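Visitor: I am new to this kind of picture, and I would like to learn how to read its features one at a time. Could we go through it together?

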Amino acid sequence: MRPWPAPAVPVLPGRGEPVLLHDTSTGALVVAAPGPSARLYVCGITPYDATHLGHAATYLAFDLLQRAWRDAGLKVRYVQNVTDVDDPLLERATRDGVDWRELAASQVELFATDMEALRLLPPASWVGAVEAVPRIAAAVRALVARGAAYTLPPAPDQVSSADGDVYADLSADPRFGSVSGLGRATMLALSAERGGDPQRPGKRDPLDPLLWRAAREGEPSWDGGTLGAGRPGWHVECTVIAVDDLGSGFDVQGGGSDLVFPHHEMSASHGGLLYSPPFARVYAHAGMVGLDGEKMSKSKGNLVLVSKLRAAGVEPAAVRLAVLAHHYRSDWSWTEQGLDDAAARLARWRAAVAVGGGEPGRAAQEAVLADLRSRLADDLDAPGALAVLDAWAATALAAPAPAVPSEGTGARADLVADAVDALLGVAL
Ligand code: 5CA
Ligand code: ZN
């Protein structure tokens, strides 16, 4: 898929600090990418009902990470998938009487437009499940070949009676559970809630995840070779798309916290068995955004869409700041008040930038840059970064630079403007 165009990112003087990130699997703060380069995979959308504020917040978290990495001198490789064939997408297409491919294509397009408006850095590689089907099928065959997967007897609703659905055998993986660290009862409950099928008869373990779904009437399918006709399971999709591009042991696997289990646990399990473990070094998760105290989700229908806000004339930079007012790991609720506060903050910063340059404003601007860098390197502390800028803006507005600045020291605070642009993605 063709990603959206990249926003310009100013290069700042000096260099940012190594970025510490919270790792879900250990609970520790770790240097997210110790080498000269960073490899990041973030789970992409299932293209229907995009782009709501929850999606936007998750992608913004990993946008901040990439901006901090780049500022620290790292070369970043970013990959994102699109789950463009899966049960919920097919169900929605059927419900609405539209072709599933058209639904996916239109939502992917809308998502790209939203991402561009929000100035998110695009992935270098943006891969749909559909285009990856042959590679995913090969990975499933490899898991079967090494005894880590099994085939159920054909289900009554299958198109052909030859081959049944293929499941991963979790007992083949001694590392299973290491990403989420959850107990079995919680795993069972989450599996039922989040796309698994623990009730399905015939599985060796109720938690065993689907790898390949044999063709059913009215559902799209592809030739899976020895697997028969079918379509890929969800977790193995991300395993293959991530490792094919980034290699095994890439730096950060990211997504919202609703993906910790089963999705990231299962993707890591498949990856560890197919390639040399670990699948990823660090697992990072953004908190859930809600509306009126409930998780914002397609199934609940309580969505605030980025495209609707834009159509109503809301500036995307204000949406960005409304999201960044919350730490990426916390769960929070979207409110009108939060958006109004963000718009007011944006206006204050703009006014401060217009008058906050000159001498001695330079030293204050350099201090702002250093403080922003250390806030963001500390597990992407965006609220802390906003507080640094609020304090600077208050001072700059209280004592503006002289109306006739001395030569070469214009009144505009260019360094702060560049820092906010490069690190927070907000143009002032
Ligand atoms: N296609 C899969 C991932 S492979 C998927 O979860 N798609 S999604 O469209 O449901 O979500 C896309 C991304 O947004 C995921 O990273 C998910 O964790 C995140 N997300 C979904 N809902 C929310 C929410 N309410 N708050 C924060 N992030 C969310
Ligand atoms: Zn995924």
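Guide: Let us begin with one residue in this predicted model: H263 has a relative accessibility of 1% and therefore counts as buried, since buried means under 20% relative accessible area.

Visitor: Which protein atoms are donors of the zinc ion (ligand 2)?

Guide: To read a metal site, one looks for the atoms around the metal and then for their arrangement. Here the protein donors of the zinc ion (ligand 2) are SG of C43, SG of C238 and NE2 of H263, which lie 2.0 to 2.2 Å from the ion, and the site has 4 donor atoms in a tetrahedral arrangement, with angles of 101 to 119°. Along the chain, these protein donors follow the spacing C-x194-C-x24-H. C238 belongs to helix α6 (residues 234–246) and H263 to helix α7 (residues 260–274), so this pair ties together parts that are 25 residues apart in sequence.

Visitor: Is C238 buried or exposed?

Guide: C238 is buried, as its relative accessible area is 0%.

Visitor: Which residues make the nonpolar surface patch?

Guide: For a patch, one looks for nonpolar side chains that lie together at the surface. In this model L20, L29 and V31 make a nonpolar patch of about 210 Å²; of these residues, L29 lies in strand β2 (residues 29–31) and is partly exposed, with a relative accessible area of 43%.

Visitor: Where is A189 found?

Guide: A189 is found in helix α5, which covers residues 184–193, and at 44% relative accessibility A189 counts as partly exposed. Measuring from C-alpha to C-alpha, A189 and R320 are 34 Å apart in space, while 131 residues separate them in sequence.

Technical notes
Residues numbered from 1 in each chain as written. Chains lettered and ligands numbered in written order. Predicted model: local features only at pLDDT ≥ 70, side-chain atom pairs only at ≥ 80, totals over all residues. Heavy atoms only, no water. Patch = residues over 30% accessible without salt bridge, like charges linked within 9 Å, V, L, I, M, F, W, Y side chains within 5 Å. Areas by Shrake-Rupley, 256 points an atom, 1.4 Å probe, with all protein chains shown as cover. Salt bridge = Lys/Arg side-chain N within 4 Å of Asp/Glu carboxyl O. Helix = DSSP H or I, 4+ residues; strand = E, 2+ residues; numbered from the N terminus. Buried < 20%, exposed > 50% of the residue type's maximum accessible area, 1.4 Å probe, protein only. Donors = N, O, S within 2.8 Å, 3.2 Å for Na, K, Ca; no water. Tetrahedral: all angles 85-135°; square planar, octahedral: opposite > 155°, others 65-115°.
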